[in-house]
Amino acid sequence: MGIILAIESSCDDTSASVLIDGKVCSNVISSQPIHSLHGGVVPELASRDHQKNIMVVVNQALAQANVEVHNLSAVAFTRGPGLLGSLLVGISFAKGLALSLKIPLIEVDHLQAHMLAHFIDEPKPAFPFLCLLVSGGHTQIVELTGHQSQKLLGKTIDDAAGEAFDKGAKILGLPYPGGPIIDKLAKEGDPHRFKFNFPQVEGYGYSFSGLKTALLYFLRDELKTNQEFIQKNLNDLCASWQYTIVEYLMQKFERAIIDSGAKHAGIAGGVAANSYLRSRLFELSQKLGIEVYIPKFEYCLDNAAMIAQAAWYKFENKEFVGLDAVPFTRQ
Ligand code: KG4
Ligand code: ZN
């Protein structure tokens, strides 16, 4: 039995969630639109906005769950990976609260939390569970053998899949974040119009930086003879770009599922919001006869509910940290 307040502040979303006896009861997220003006997240602006928002977000999360602050049993926070300044805001807030209430602190790994988002709602996957984690900062295939035990099967050697969406959008003159807008425009386009070759990486690894360069050079050549090439072909470009990223992701993920023999698989992280990736996962479910899972939309993007869920397993095991806990920026 316990009530946990969880805080997520690793990138550009300030979020707080309250979990009561293993059940998420609120999940408040405040996004930072300011970054779209800059074509990407500006770390200094992100940490300032976290400072401005954190109190309001925490109060809303408590109010929505009908919980008084003095009834909390523990405070959880994202330790990393993420932006140092942003992480520090959440960690410092969590430490201050835990100290004043004399309750334990729980640190949570952001990536593990993205995968444990699958366990917030029913139906929950069974182990072994293969998860394709695709976000703005990370792309990896992980085999979960328990809530707290996992094995990394492969990861990107450079950019993340979300970054490929974001950088592709930037090259096409679209705003940040690029994933949602490419997803939308791709619905009206032909995914087979332009072809980009999959980068060759060993095993279940990925690489996206070469793809981005391929898009850049392709457009540079086309624009030499037709200045309006992007405007005239925007939907087809978005559809072809999305097709390339998603098919590349799925090619390796399918192989990993078959090789591991897992009967339960899912996607997590911001890119799991992509409609084409979702439909390909359901196709794979039919093809391989496996159960597939996608967390609710609000639990795919950065959110504190997934931090609370991950913290719950640690709370049950009394895995607490001291006030000397520090953020980590890289995995
Ligand atoms: O997990 P997340 O919210 O933050 C990180 O931890 O990185 O993921 C953000 C990423 C961004 O790169 C964004 O473009 C991408 O998720 N994204 C999408 C879609 N919605 C968000 N990518 C493709 N299609 C979408 N619908
Ligand atoms: Zn994330």
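**Exercise 1.** In this predicted model, work out which residues of β1 lie on each side and whether they are buried or exposed.

*Solution.* Start with one side of β1: Ile3, Leu5 and Ile7 sit there, and they are all buried. Now flip to the other side, where you'll find Ile4, Ala6 and Glu8, again all buried. Both faces of the strand are therefore covered. Next, tally the strand as a whole: β1 spans residues 3-8, and six of the six count as buried, that is, under 20% relative accessible area. That's why β1 is largely enclosed by the rest of the structure.

**Exercise 2.** Find the strands that pair with β1, and give the direction of each pairing.

*Solution.* Take β2 (residues 13-20) to begin with: six bridges tie it to β1, and the two run antiparallel. The link between them is a hairpin of four residues. For a concrete contact, look at Glu8, whose bridge partner in β2 is Ser15. Then move on to β4 (residues 74-80), which pairs with β1 in the parallel sense through four bridges. Here Ala6 is the residue to check: its bridge partner in β4 is Ala76.

**Exercise 3.** Follow the chain from β2 into β3 and describe how these strands are joined.

*Solution.* Count the bridges: eight connect β2 to β3 (residues 23-31), and the strands run antiparallel. Pick out a facing pair, and you get Ala16 opposite Val28 in β3. Finally, inspect the turn: β2 and β3 make a hairpin with two residues between them. Asp21 is in that turn, and its phi is positive, about 45°.

Terms used:
Residues are numbered from 1 along each chain as its sequence is written. Chains are lettered from A and ligands numbered from 1 in the order in which they are written. This is a predicted model: local features need pLDDT of at least 70, side-chain atom pairs count only at pLDDT 80 or more; totals for chains, interfaces and linings use all residues. Side-chain values use heavy atoms; hydrogens and water are left out. Buried means under 20% relative accessible area, exposed over 50%, partly exposed in between (1.4 Å probe, protein chains only). Two strands pair if DSSP finds at least two bridges between them.
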